[in-house]
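Here is a friendly walk through a structure, written with the bench in mind. Please keep the sequence and the 3D view open as you read.

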Amino acid sequence: MANWKINMLTRSPWVFHLAAASCNNCDIEILDLLTPRHDVERFGIVLVGSIKHADVLLVTGCVNRKNVARIKRLYDEAPKPILVVAIGACACSGNMFRTGYQFAGPFDKIIPVHAYVPGCPPKPEAMIDGVVKLITKLKNK
Amino acid sequence: MDSKNRFQEKFQKIFSEYTEVRKRIYATIPTASLREVVGFLFHDLTARFIIASGFDNGKEIEILYHFSFDSSGEIISLRVFLDRNKPEVDSLVPLFRGAFWIEREIWEFLGVNFREHPRLEKFLFSEDWPESYHPYQVPPDRTNRDPNAPPAQSKLKFD
Amino acid sequence: MEKKEVIVPIGPYHPLLEEPEFFKLFCEGEKVVGIDWIAGYNHRGIEKISEGKSYDQVPFLVERICGICSTSHPLAYVNAVENLVGLEIPERAKYIRTFIAEMERIHSHLLWVGLAGHFLGYNTVFMWAWKWREPTLDIMELVTGNRGNYGIMCPGGVRRDMSEEDFPFVQSKLDDIKTKVEMLTKAVLDDPVLLARLKGVGILTAQDIHNYGAVGPVARASGVAIDVRRDDPYAAYNMLDWEMVVVTEGDMLARAKVRLLEIFQSIKIVEQCMARLKEIKGDIVVKVREVPPGEGIGHAEAPRGECFHYVRSDGTNRPIRHKIRAPSYVCIPTFEKSVVGGQIADALICLAGVDPCYCCTERLSAVAENGKTLDGETLLRLSVEKTEALKAKGTPV
């Protein structure tokens, strides 16, 4: 990726949050990041309402057969380059739902994933750590 | 006289089985009199409808309608047995709205046809889900399964 | 006559609610005339997966039905298994179960207050409520080891004992929460703008509650006094001193009131649990060696209402049928009554009013329409604008 693009991406990453068939816990922890205890808005990380504005896509939950098409479409609509972070054990591997009849594969089978934050649910600190590691890796590339 | 005894007295003749264990009552009733029994429970005794649950035991399809007597904490489950080849039962939606979703769900999961249900159509499954496949139904090759036989492979394929 | 309905789609990936769900609002002008819900975006087939797990493994599965009520589902499930086996659990385990369940209620109700404030365009309430929710998560992390999905219930008791050394920390945090929530309650219930947005909106009568089978705070806000904790006591609820909060108005304000007042009852219960746990010593679990053939029903009062679990056994180590009914499953259909007939701007807060939890309900984007489309952001804008307009007008009577 060109240098200026990485600079644009990582200076103030705007985040879009996509919940597939999730249990809500990771989603709440993501919202928790924005509230006074952690307050990541200090660093310019803002949760946006449209994928068209996003630099980072946070995905949670396992993918089921009904929403797989919608997820592909959302990813297609996103302006590239976009960084995808899989949050929680379900998004990384499918967790205990992988044996279910509605399971359609973990996220990296559907769309490219750049970072994984495992845990059920991961602590907000772990999520910050994951994003920081991703940005550091991109900058050193 | 409390609700449970009133219910028991009125329908004693039609129960083919009646058990009471630890505040949970299970009563098997004929499919034809379902609406009458439920109507009495729901409207006259003001029992609260909790949910219905379907179960395929390999020979017949069972549907349990769970009601709660909130004043005493007892739960009464009405059980009906349906023919496996053509499962059909009266819908409860004309009696109360609470049965609307669960009947759609059982129709989808077990293939039970609810007569007079206003809208039996896809509810939880994806659009490409085959109409004839009901995951909670025991597959035909397993109804009289030899216990030593290897487990049946899934025949359902998606791309 | 020509049809003038406009369909307003909300979802499935909506910027407001974290979960995927899809509502269609049928509108004529500002008025909502119909609602349809398209489900299945969150369906994971948990009931079927559960049939492949042993009785000891199922609590870990059912607590992942929903992250917010992640203790109510295991609690209802272990109640069902204990009902099947006919088991009495040790007294200490009963109090630990009650402690965890009530802490969860505090965090869930605070979460709801925050989200409701967010929907109305009052982000201050959102930030406050979520800030004061953090201490409850600290307590949970100290006591159970995780901020969510506590893994504490098992058939026959609890997995983890509580230490008396933790109680001073828990008490200090609880005192902190209590003063803050008192302030928040007064601020929310006295605010003229919030009153104008909430009062008389989305009314449900006791008749509607019976018809839809709605439970929990939604029922108690309409004057229907049902609470599993009192009606069919499980854990230690019949040995503690607490009151059920019942309000009769049935509107949005009543639902907010019920939830806020329940927080104080929960704090009271938790304090009593700690006092009793200091006295009662002994085992925390009875091993379940064998589950006989039969069927069992268990229910528990989640923050959103009654969780219902039906378990059937054939004598092996796995359930052959496990039916789960989450409280939102019967509360969400009440939208047909509360949203229809109101304004579009009020729809969002009515949708939030039952504290819907779609991942519970379903365990289990663009729409073709004959008019113009409003997206989710427009809807939020409408809701915020209404609040702003009320603020500009000054104090309404």
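The report below moves from chain C to chain B and then to the nonpolar cores.

This is a predicted model, in which local features need pLDDT of at least 70, side-chain atom pairs count only at pLDDT 80 or more, and totals for chains, interfaces and linings use all residues. Residues are numbered from 1 along each chain as its sequence is written, while chains are lettered from A and ligands numbered from 1 in the order in which they are written.

**Chain C**

Let us begin with the make-up of chain C, which has 16 helices and eight strands. Helices (H or I, at least four residues) and strands (E, at least two) are DSSP runs, numbered from the N terminus. Of the 397 residues in chain C, 60% are buried. A residue is called buried if 20 or more other C-beta atoms lie within 10 Å of its own, exposed if 12 or fewer, and partly exposed in between, with C-beta atoms placed from the backbone.

Helix H5 of chain C covers residues 123-144; at 1.5 Å a residue its 22 residues should span 32 Å, which agrees with the 31 Å between its end C-alpha atoms. The expected span is 1.5 Å times one less than the number of residues. After H5(C) comes Gly145(C), with a positive phi near 100°.

Chain C also meets chain A: 33 residues of chain C are in contact with 32 residues of chain A. Contact here means that the C-beta atoms of two residues, placed from the backbone, lie within 7 Å. On the side of chain C that touches chain A, H5(C) gives the most, with four residues. That side divides into 13 nonpolar, eleven polar and nine charged residues. Ala, Val, Leu, Ile, Met, Phe, Trp, Tyr, Cys and Pro count as nonpolar, Asp, Glu, Lys and Arg as charged, and the others, Gly among them, as polar.

Next comes strand S7 (residues 305-313) of chain C, where nine of nine residues are buried. The table shows its two pairings; strands pair if DSSP finds at least two bridges between them.

| Strand pair | Sense | Bridges | Opposite residues |
|---|---|---|---|
| S6(C) and S7(C) | antiparallel | nine bridges | His299(C) and Phe308(C) |
| S7(C) and S8(C) | antiparallel | six bridges | Ser313(C) and Pro319(C) |

Two residues make the hairpin link from S6(C) to S7(C). The hairpin of S7(C) and S8(C) has five residues between the strands, and Gly315(C) in its turn has a positive phi of about 95°.

**Chain B**

In chain B, five strands form an open sheet with mixed pairing, in the order S1-S2-S5-S4-S3. Why do S1 and S3 of chain B each have one side without a neighbour in the sheet? Both stand at the edges with a single partner strand, so one side of each is left free of a neighbour there. Strands S2 and S5 of chain B run parallel and are joined by five bridges, with Arg24(B) opposite Ile75(B).

**Nonpolar cores**

A nonpolar core is a set of buried Ala, Val, Leu, Ile, Met, Phe, Trp, Tyr and Cys residues joined through C-beta atoms within 7 Å. The largest has 202 residues, of which Val59(A), Val85(A), Ala86(A) and Ile87(A) touch the most other members. Helix H4 (residues 91-119) of chain C supplies the largest share of this core, 15 residues. Apart from it lies another core of five residues, including Trp129(B) and Ala39(C).
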